[in-house]
Amino acid sequence: MSETTIYLEMNNIKKSFGDLQVLKDISLKVHEGEVLSIIGPSGSGKSTLLRIATMLETMDNGSIKYMDKEAASAENGSVHYAKPQALREIKKNFGLVFQNFNLFPHKTVLHNLIDAPVHVQKRNKTEVIAEAKALLEKMGLSDKEDYYPSQLSGGQQQRVAIARALALKPKVLFFDEPTSALDPELTGEVLKVIKALAEEKMTMVIVTHEMSFAKKISDRVIFMDKGVIAVEGTPEEVFNSDHSRMQEFLGKLKHE
Amino acid sequence: MSFFNMLEQISSGMLHTILIFFFTLVFSLPLGWIVAFGRMSKNKIISGITAFFISILRGTPLMLQLMVVFYGPYFLFQLPIGNWRFPAIIVGFSINYAAYFAEIYRSGISAIPVGQYEAAHILGYTKVQTFFKIILPQVIRIILPAVTNEVITLVKDTSLAFSISYIEMFSITKQIASTQTTLMPFAIAAAFYYIFNLLVSFVMRRLEKRLNYY
């Protein structure tokens, strides 16, 4: 992995909410074409880490770099961001798929996809529409382009949300528990889409509770516990690790 | 005085009622947004002052506010108020209704899930784009029923202009009733207000239906 380009580098990330320290000095790298899964018990800080990586949340300490350009750094609670123009460019590098989709309810499926490329990236509308339609076809949603999100199932909505993120052509795509709001049947159709992206070598960081899925598609897995990276490595290394907390975590899941 | 005479005189006041209604909406609907943003400002001083003014405007009679606006310039600064009557009504009504609209807008904005802002932010929308393209269209649909309520109240509230002797429909009605000692003018005025509000409800329902596309 060391020869490939590093897309994202996070160093010494610390974050507290009040007296509760949720992230204790976390560093990680994401390489081009890599699928990284972040697993761990609730409250281990994995979602917070993702929200900091996407700059939805501030950090108390540490630095975030995309494509070797510093997006933000913080020391003792004061965050310093890149200049607005530079930050805008840096933010183009990533997309995020939310747990509860966050589609725009007043826009049709197609307009959810094309609005940002047309109005934010100022790209050619005809071109964007053609690309959006191709994306929807890939997601198995060609017949839904004129539907409003409320007319779709949760699984369909999440696939639209993935397509919307992809429409901006990000280099890294983050997933924040993308199937947690879905029942098992709908979970499958979303995971299938993510798996197809993995096969295309899309760089992805996935916070998930779907262990068997993480095991199957990841190049690397991070197990977080109490604000630290407890175990890190290939899926085999992590899932067969004799780390006590990891075993405890997997054991609990089996009994559920 | 014949029925048709009354009708003619009362309907001549209708125009002034409609003018108050129309100008109040033209000014108070946008002004409400400014007040709402002031109320939601992160700056504690701005939001505090705005909250104070909203509470005064909602907590005291509109009739009293109209009198303060109309007589204030003369009592306080000895300014001539000859042509001030109609503008004073529009100023008084607009400020009062802006306070109510502001609270409605604020409730609509706070009903939008934070995820909508986050999604827009991740997709690269600027704050202005986020407001106009993502938040506002959703807010308008949410607040429309509450706005309709206020607009219906405004139709009836226009009659308060009589308190500073502005000649609109209600003041004419009252005049005729007291000189002719009959209830007929009140019945005519009631019918006018009622029909006016039927029209308002009809228009607003059409608007609600159009916005119910998702």
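Helix 1 of chain B and helix 4 of chain B are oblique to each other, because their axes cross at roughly 45 degrees, an angle that is neither under 35 degrees nor in the range of 65 to 115 degrees and therefore falls in the oblique class. This is a predicted model, in which chain B holds eight helices and zero strands, while 25 residues of chain A are in contact with 18 residues of chain B. The points below take up the helix pairs of chain B, then the contact between the chains, and then a helix pair of chain A.

**Overall form of chain B**

- Read from the N terminus on, the elements of chain B follow the order α-α-α-α-α-α-α-α, in keeping with a count of eight helices and zero strands.
- The C-alpha trace of chain B spans about 70 × 45 × 25 Å when taken along its principal axes.

**Helix 1 and helix 4 of chain B**

- The axes of helix 1 of chain B, which covers residues 3-39, and helix 4 of chain B come within 5 Å, and the crossing of these two helices is right-handed.
- The residues that form the contact of helix 1 of chain B with helix 4 of chain B divide into 22 nonpolar, four polar and three charged.

**Helix 3 and helix 4 of chain B**

- Helix 4 of chain B, residues 85-110, also packs with helix 3 of chain B, residues 62-77, at an angle of about 135 degrees and with the axes 9 Å apart.
- Since only angles over 145 degrees count as roughly antiparallel, helix 3 of chain B and helix 4 of chain B are therefore classed as oblique to each other, and their crossing is right-handed.
- On the side of helix 3 of chain B the contact involves Leu62(B), Gln65(B), Leu66(B), Val69(B) and Phe70(B), which meet residues of helix 4 of chain B including Ile89(B), Phe93(B), Asn96(B) and Tyr97(B).
- By class, the residues of this contact of helix 3 of chain B with helix 4 of chain B are nine nonpolar, three polar and one charged.

**Contact between chain A and chain B**

- Chain A and chain B bury about 1900 Å² between them, and 61% of this area lies on carbon and sulfur atoms.
- Within chain A, the residues that lose the most area to chain B are Phe104(A), His106(A) and Val120(A), which together make up 29% of what that side buries.
- Two salt bridges are counted between chain A and chain B, and in one salt bridge Arg51(A) pairs with Glu118(B), with the closest N and O atoms 2.7 Å apart.

**Helix 5 and helix 6 of chain A**

- In chain A, the axes of helix 5 (residues 154-166) and helix 6 (residues 184-199) come within 8 Å and cross at roughly 20 degrees.
- Because angles under 35 degrees count as roughly parallel, helix 5 of chain A and helix 6 of chain A are assigned to that class, and helix 5 of chain A passes helix 6 of chain A in a right-handed crossing.
- Among the residues making this contact are Arg159(A), Ile162(A) and Leu166(A) of helix 5 of chain A, together with Leu186(A), Val190(A) and Leu197(A) of helix 6 of chain A.
- The contact of helix 5 of chain A with helix 6 of chain A has seven nonpolar, four polar and two charged residues.

Key:
Residues are numbered from 1 along each chain as its sequence is written. Chains are lettered from A and ligands numbered from 1 in the order in which they are written. This is a predicted model: local features need pLDDT of at least 70, side-chain atom pairs count only at pLDDT 80 or more; totals for chains, interfaces and linings use all residues. Side-chain values use heavy atoms; hydrogens and water are left out. Axes are lines fitted to C-alpha atoms, for helices over the stretch in contact, and angles run from 0 to 180 degrees between N-to-C directions. Helices (H or I, at least four residues) and strands (E, at least two) are DSSP runs, numbered from the N terminus. A crossing is left-handed if the near helix is turned anticlockwise from the far one by less than a right angle, and right-handed if clockwise. Contact means heavy atoms within 4.5 Å. Ala, Val, Leu, Ile, Met, Phe, Trp, Tyr, Cys and Pro count as nonpolar, Asp, Glu, Lys and Arg as charged, and the others, Gly among them, as polar. Buried area is the accessible area (1.4 Å probe) that two parts lose on being put together, summed over both. A salt bridge is a side-chain nitrogen of Lys or Arg within 4 Å of a carboxyl oxygen of Asp or Glu.
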